[in-house]
Amino acid sequence: MGRFVYADNAATTNVSKSVFDSMVPYLTTHYGNPSSIYSVGRDAKKAIEVARQKVAAAIGAQPTEIYFTGCGTESDNWAIKSTAELLKQKGKNQIITTNFEHHAVLHTCEHLKKHGFEIIYLPVDSEGYVSAEQVKNAITDKTALVTIMYANNEIGTIQPIREIGAVCREAGVLFHTDAVQAVGHVNIDVAADNIDMLSLSGHKIHAPKGVGALYVRKGVRLVNFIDGGAQERNRRGGTENVASIVGLGTAIEEATKDIEARMAKIREKRDRIIDTILTTVPKCRLNGGRGKRLAGNVNISFEAVEGEALLLRLDMMGICGSSGSACTSGSLDPSHVLMAIGLPHEIAHGSLRLSINEDTTDEDVDYILECVPKVITTLRAMSPIWNG
């Protein structure tokens, strides 16, 4: 087998050794049901609460404000639908979001639209940012919730969350943010950022798939997500996924340690990829602004290149990347994110997202920079558009 470079960490990450090791006891010797009163059950319950403390500490919350879920999508659904159900009773039937959210938010809003809610989709600018001023101007006395992602999953742009949260707090409107891509990559303080609810997921930060969390500020009401048990303070019934919750606790503790130093190293590699491709490959463009951007995100569109062909060619060379969101990779439609920042269909179709992390080596970057221009040249040589 030839060289292998994994550069799709925004889609998912490997389970780290430390996370795996922390999980093993709760799959083998400490397998008790956390609701049981005997010692192995109590041990499992204690492990969940320790993980809850770690998640809370990582985002500046209190442990009682953290609810464990099955994934980030579930957390988004719970926060948005719960708020909608409770505040519709008070005549508030408007939700404000953006036109380039993750589908976990967009599809939830579409569901609520069918049930009488007005959804306001704020446009982002050509670099992929929305402003606090836009949010302020959109809020009315009918607004139940503002939900805007912390960092975009495709182009990596980081939104002015603290300023948006301040606008919502001043207006007395609840503010939720999908921080699935941001946790572990930027410093988050839910109190300073004026966040009322926050969604996160484990598999983006070296925890396993199938575990996430929802932060809900003390005093914010929450509708039960699953009835049938007393778990998660009676809000989400069902025996807890102890091992994965423990893994999430370990992962988020490690991911939020020395963020600035880790991100600086990743950013240096990211910038080398971006600058080299932009200067050596003609007719390409970076998607999303360079300033407020996730350290590991590269998203570049190439004229006269089809994204799926690009990914398949890179895969044959041992490089894993993405063309838009992995959650909708089966779709032939161009990325809604790239369309939102103004790219025409033909350019949006030719996008490549590479998401690197602390495991990406200089040699990996060298190999990416060797392969990508070769693949682009090959595909363009076959393109009637390029040669027309």
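This talk describes parts of one protein structure, which is a predicted model.

Good morning. I shall begin with strand β3, continue to the helix that follows, and then turn to a pocket and to some individual residues.

Strand β3 covers residues 94–98. Its neighbour β4, residues 118–122, pairs with β3 in the parallel sense, and 5 bridges connect the two. To get from β3 to β4, the chain passes through helix α4, residues 103–113, and this β-α-β crossover is right-handed. Two positions show how the strands line up: I95 stands opposite I119 of β4, and I96 stands opposite I120 of β4. Strand β3 also runs parallel to β5, to which 3 bridges join it. There, Q94 has T143 of β5 as its bridge partner.

Is β3 enclosed or open to the outside? Because 5 of its 5 residues are buried, β3 is largely enclosed by the rest of the structure. The side chains of a regular strand alternate between the two faces of the sheet. In β3, Q94, I96 and T98 point one way, while I95 and T97 point the other way. The residues of both groups are all buried.

Let us now consider the crossover helix. Which residues of α4 are buried? They are A104, V105, L106, T108, C109 and L112. In an α-helix, with its 3.6 residues a turn, residues three or four places apart point the same way. The buried residues of α4 are covered by elements that include the strands β3, β4, β5 (143–147) and β6 (174–178). Helices α3 (72–88) and α11 (336–340) also belong to this cover.

Close attention is also due to helix α5, residues 132–138, in which V135 lies. With a relative accessibility of 0%, V135 counts as buried, because the cut-off for that term is under 20%. Leaving aside residues up to four places away in sequence, V135 touches L122, V146, I148, I164, V167 and C168. L122 is part of β4, which spans residues 118–122, and V146 falls within β5, residues 143–147. By contrast, a separation of 24 Å lies between the C-alpha atoms of V135 and K218, which are 83 residues apart along the chain.

I turn next to empty space. Rolling a probe the size of a water molecule over the atoms shows where such space is left. The second largest pocket has a volume of about 450 Å³. Its lining consists of 23 residues, and those closest to the centre of the pocket are Y150, I158, Q159, V186 and K292. Two elements give two or more residues to this lining, namely α6 (161–171) and α9 (259–280). Which element gives the most? It is α9, with 5 residues. By type, the lining of the second largest pocket divides into 10 nonpolar, 4 polar and 9 charged residues.

Four further residues deserve mention. The first of my examples, S201, has its place in strand β7, residues 197–201. S201 is buried, since its relative accessible area is 5%. Its contacts, not counting residues up to four places away in sequence, are G72, V180, V211 and G212.

N224 has its place in the loop between β8 (212–216) and α7 (231–234). Is N224 buried or partly exposed? At 30% relative accessibility, N224 counts as partly exposed. N224 touches W78, N234 and R235, again not counting residues up to four places away in sequence. Along the chain, N224 and Y121 are 103 residues apart, and their C-alpha atoms are separated by 27 Å.

The remaining two examples concern the backbone. Most residues other than glycine have a negative phi. N194, although not a glycine, has a positive phi of about 60 degrees. N194 is found in the loop between β6 and β7, and at 15% relative accessibility it counts as buried. K283 is not a glycine either, and its phi is positive, at about 55 degrees. The loop that holds K283 lies between α9 and β9 (284–286).

To close, I return to the starting point: β3 pairs in the parallel sense with β4, runs parallel to β5, and is largely enclosed by the rest of the structure. Thank you for your attention.

Terms used
Residues numbered from 1 in each chain as written. Predicted model: local features only at pLDDT ≥ 70, side-chain atom pairs only at ≥ 80, totals over all residues. Heavy atoms only, no water. Pairing = 2+ DSSP bridges. Helix = DSSP H or I, 4+ residues; strand = E, 2+ residues; numbered from the N terminus. Right-handed = clockwise from strand over helix to strand, strands pointing away. 1 Å grid on protein atoms, 1.4 Å probe; cavity = no way out; pocket = protein on both sides within 12 Å on 5 of 7 lines; lining within 4 Å. Points joined across faces, edges and corners; volume = space filled by probe spheres on them. Nonpolar A, V, L, I, M, F, W, Y, C, P; charged D, E, K, R; others polar. Buried < 20%, exposed > 50% of the residue type's maximum accessible area, 1.4 Å probe, protein only. Contact = heavy atoms within 4.5 Å.
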